[in-house]
Amino acid sequence: MQLHIEAGEDTMRGYLLKSKKLFLINILLLLIDSALITSFAFVVKALVDISISRNISQFYHIAILVGFYIAALVINGYLRQLFWARFIRDNLVALKNDIFLQLLRRSKRAFDQENTSNYISILTNDIEILQRGYFYNFLAAIQAVASFVIASVSIIKLNVSIALCVFVLSIAPVAVPYI
């Protein structure tokens, strides 16, 4: 059975951008999360360095900073999951509504030609597959790219020669099969 969604939303990109505000909020929260995670590593490094040097006054300042980072990570993580779920829910509701409207527009004869289980499958299983395989993975891919870029900038900031070695060594396993 083929159902074609009309009205300019014949691609999944239309559903991704259906709620642009939620999409942009999700992108912003993903970027903040990636930046917080990467910078948290530097703060923990400073905490370890100060604790090794046994400087108690600086240790308290850095420990407080670590506490703020942990709080920021938790709050941002909660907001990210909240808006992520809302974004996926809104897009899936729009998709289900469009599919349901397409089913309602079918003639009785065309509707009766298909088994009812096909319609139920589209509205449940196929939508669930789209949720996990498209919407969720799309946002996860954006977060992975953002984390990679921020971590790459951080490693370059630390030491350019080590960064080059890491990049060459990480490309080698991918390039070897093509040589």
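Visitor: What does the side chain of Ser152 reach, and at what distance?

Guide: The backbone oxygen of Phe148, at 2.7 Å. A polar contact is a pair of N or O atoms within 3.5 Å; within protein, one must be able to donate a hydrogen and the other to accept it, and residues adjacent in sequence count only if both atoms are side-chain atoms. At 2.7 Å, this pair is inside that limit. Ser152 sits in helix H5. As for background, this is a predicted model, where local features need pLDDT of at least 70 and side-chain atom pairs 80 or more, while totals for chains, interfaces and linings use all residues. Residues are numbered from 1 along each chain as its sequence is written, and side-chain values use heavy atoms, leaving out hydrogens and water.

Visitor: Why is Ser152 called buried?

Guide: Its relative accessible area is 12%. Buried means under 20%, exposed over 50%, and partly exposed in between (1.4 Å probe, protein chains only), so Ser152 counts as buried.

Visitor: And what makes Thr38, over in helix H2, buried?

Guide: Thr38 has 14% relative accessibility, so it falls under that cut-off too. Beyond four places in sequence, Thr38 touches Ile150, Ala151 and Ser154, contact meaning heavy atoms within 4.5 Å.

Visitor: How do you know how the span of H2 compares with what is expected?

Guide: H2 is a helix by DSSP (a run of H or I, at least four residues, numbered from the N terminus). The expected span is 1.5 Å times one less than the number of residues. For the 34 residues of H2 (20-53) that gives 50 Å, and the first and last C-alpha are 49 Å apart, so the two values are close. Just after H2, Arg54 takes a positive phi of about 60 degrees.

Visitor: What makes a group of residues a nonpolar core?

Guide: They must be buried Ala, Val, Leu, Ile, Met, Phe, Trp, Tyr or Cys, joined through side-chain atoms within 4.5 Å. The largest one here has 19 residues, and Phe87, Ile88, Leu92, Leu95 and Phe135 touch the most other members. Helix H3 gives the largest share, nine residues. A second, separate core of eight residues includes Leu36, Val43, Ile62 and Val66.

Visitor: Where is confidence lowest and highest among the helices?

Guide: Lowest in H1, at a mean of 71, and highest in H2, at 88. That's pLDDT, the predictor's confidence in each residue, from 0 to 100. The protein's mean is 81, but over residues 4-9 pLDDT stays under 50.

Technical notes. Helices (H or I, at least four residues) and strands (E, at least two) are DSSP runs, numbered from the N terminus.
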